Amino acid sequence: MNIVKEFSVGTPIEVTLPPVSRLDLIKYAGASGDFNPIHTIDEEASKAGLPGIIAHGMWTMGNLAKLFTPYYEEVFLEDYSVAFKGMVFLGDVLTLKASLVSIQNDRYHFDVAAVNQKNESVVKGSAILKRY
Amino acid sequence: MFESLMGTRSTPVKNIVERGSLKAFSKAIGDESPIYLDESVGKRSKYGCNIAPPTYPRVFDYGEIQGFHLPNVGLIHGKQSFHYERPLLVGETVMCSTSLEDYYERNGKSGLLGFLILKRYGEEPEGKLIFTEEQVVIITEAVREGMSS
């Protein structure tokens, strides 16, 4: 477990993920129950007019939240909200980012984003951690 | 479109935060923290047991809003938010339901887009709120035409 004292405004927490693989998405489909075939089957993706299969938005959102997991002994994620800005394709390399914007009483306000290798934000939003 | 269904809530469905499902989910999002998976770490934690990752409610069954049917292809997940009163605990029972909050249309690059706002609720069996979820689903013109024909 990490401690909340490590948080400071303007110092982002960052993690870069391995390139997105088909197996990542098959696992997420199975674990989440979201079997929309545009996430796993090439033919279905092209039928839908996509250049290839795309990651579940919720896969990226789920990954992004892990930046906060080490702190759950002192805080919990009270609010977490994102917009899905761009599609994530196989082989994309995502960097997950969270930066502390402000501390208001017992709440830590963060901006969060998942950015691809072209520096485009594919997921962007905010999170509030509430201290116990 | 959907006006008559606005505000109608589905009958709550009983769900359980199952350890096996939680493990598969944690692996799938690359978040295999001991706070989710290691029983002894859970026991020693402030929760007294393991907790679930914040986006885990994706796996729950929320029931169906009567008369509300969406195609499962051609929809775009635009936005997603979660609000928690407290984390979800492993093994607990969660009563889940959903309602249609709003629907509106806007002009987009690919024609007239429909925006559906769906809300989801997770409550203790006694009715106390644990979390709410809100999603914005975008329906493209092509899909909407298919629905009304």
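In strand β2 of chain B, the residue that serves as bridge partner of A:Ala83 is B:Lys79, and in that strand B:Phe82 is the bridge partner of A:Tyr80. These pairs belong to a meeting of strands in a predicted model, in which strand β2 of chain A, residues 75-84, and β2(B) pair in the antiparallel sense over five bridges.

From this pairing the reader can follow the strands outward into both chains. They form an open sheet of ten strands with antiparallel pairing, in the order β1(A)-β3(A)-β4(A)-β5(A)-β2(A)-β2(B)-β5(B)-β4(B)-β3(B)-β1(B). The edges of this sheet are β1 of chain A, residues 13-16, and β1 of chain B, residues 13-16, each of which pairs on one side only. Passing from one strand to the next, the twist averages 25 degrees.

On the chain B side of the sheet, β2(B) also pairs with strand β5 of chain B, residues 129-139, in the antiparallel sense and over nine bridges. Within that pairing, B:Ile76 has B:Ile138 in β5(B) as its bridge partner. Elsewhere in chain B, strand β3, residues 93-108, and strand β4, residues 111-123, run antiparallel and are joined by 13 bridges, and here B:Tyr104 stands opposite B:Phe115 in β4(B).

The contact between the two chains extends beyond the paired strands. Taken as a whole, 30 residues of chain B are in contact with 29 residues of chain A. On the side of chain B that touches chain A, the elements giving two or more residues are α1, residues 19-28, and β2, residues 75-84, both of chain B. Of these, β2(B) supplies the largest share, eight residues. Sorted by class, the side of chain B that touches chain A holds 13 nonpolar, eleven polar and six charged residues.

The helix α1(B) leads to another part of the meeting between the chains. Two packed helices are described by the angle between their axes and the distance between the axes. Here α1(A) and α1(B) pack at an angle of about 150 degrees, and their axes are 9 Å apart. Because angles over 145 degrees count as roughly antiparallel, α1(A) is described as roughly antiparallel to α1(B). The crossing of α1(A) and α1(B) is left-handed. On the chain A side the contact is made by A:Lys27, A:Tyr28, A:Gly30, A:Ala31 and A:Ser32 of α1(A), and on the chain B side by B:Ala24, B:Phe25, B:Lys27 and B:Ala28 of α1(B). Together the residues of this contact divide into five nonpolar, two polar and two charged.

Within chain A, helix α3, residues 57-64, is mostly covered, and eight of its eight residues are buried. The buried residues of α3(A) are A:Gly57, A:Met58, A:Trp59, A:Thr60, A:Met61, A:Gly62, A:Asn63 and A:Leu64. Their cover includes, from chain A, α1 (22-32), β2, β3 (95-104), β4 (107-115) and β5 (121-131), together with β2 of chain B.

A single residue of chain B gives a further example of burial. B:Ile65 lies in the loop between α3 (39-44) and β2 of chain B, and B:Ile65 counts as buried because it has 21 C-beta neighbours inside 10 Å, where the cut-off for a buried residue is 20 or more. Leaving aside residues up to four places away in sequence, B:Ile65 touches B:Leu5, B:Thr8, B:Ser10, B:Thr98, B:Ser99 and B:Leu100. B:Ile65 and B:Glu85, which are 20 residues apart in sequence, are 25 Å apart in space from C-alpha to C-alpha.

Two loop residues of chain A complete the path. A:Asn105 is placed in the loop between β3 and β4 of chain A, and although A:Asn105 is not a glycine, its phi is positive, at about 50 degrees. With 6 other C-beta atoms within 10 Å, A:Asn105 is exposed, because a residue with 12 or fewer such neighbours counts as exposed. A:Asn119 lies in the loop between β4 and β5 of chain A, and the phi of A:Asn119 is near 70 degrees, a positive value in a residue other than glycine. A:Asn119 is exposed, with 7 other C-beta atoms within 10 Å.

Terms used
Residues are numbered from 1 along each chain as its sequence is written. Chains are lettered from A and ligands numbered from 1 in the order in which they are written. This is a predicted model: local features need pLDDT of at least 70, side-chain atom pairs count only at pLDDT 80 or more; totals for chains, interfaces and linings use all residues. Two residues are in contact if their C-beta atoms, placed from the backbone, lie within 7 Å. Helices (H or I, at least four residues) and strands (E, at least two) are DSSP runs, numbered from the N terminus. Ala, Val, Leu, Ile, Met, Phe, Trp, Tyr, Cys and Pro count as nonpolar, Asp, Glu, Lys and Arg as charged, and the others, Gly among them, as polar. Two strands pair if DSSP finds at least two bridges between them. Axes are lines fitted to C-alpha atoms, for helices over the stretch in contact, and angles run from 0 to 180 degrees between N-to-C directions. Angles under 35 degrees count as roughly parallel, over 145 as roughly antiparallel, 65 to 115 as roughly perpendicular and the rest as oblique. A crossing is left-handed if the near helix is turned anticlockwise from the far one by less than a right angle, and right-handed if clockwise.
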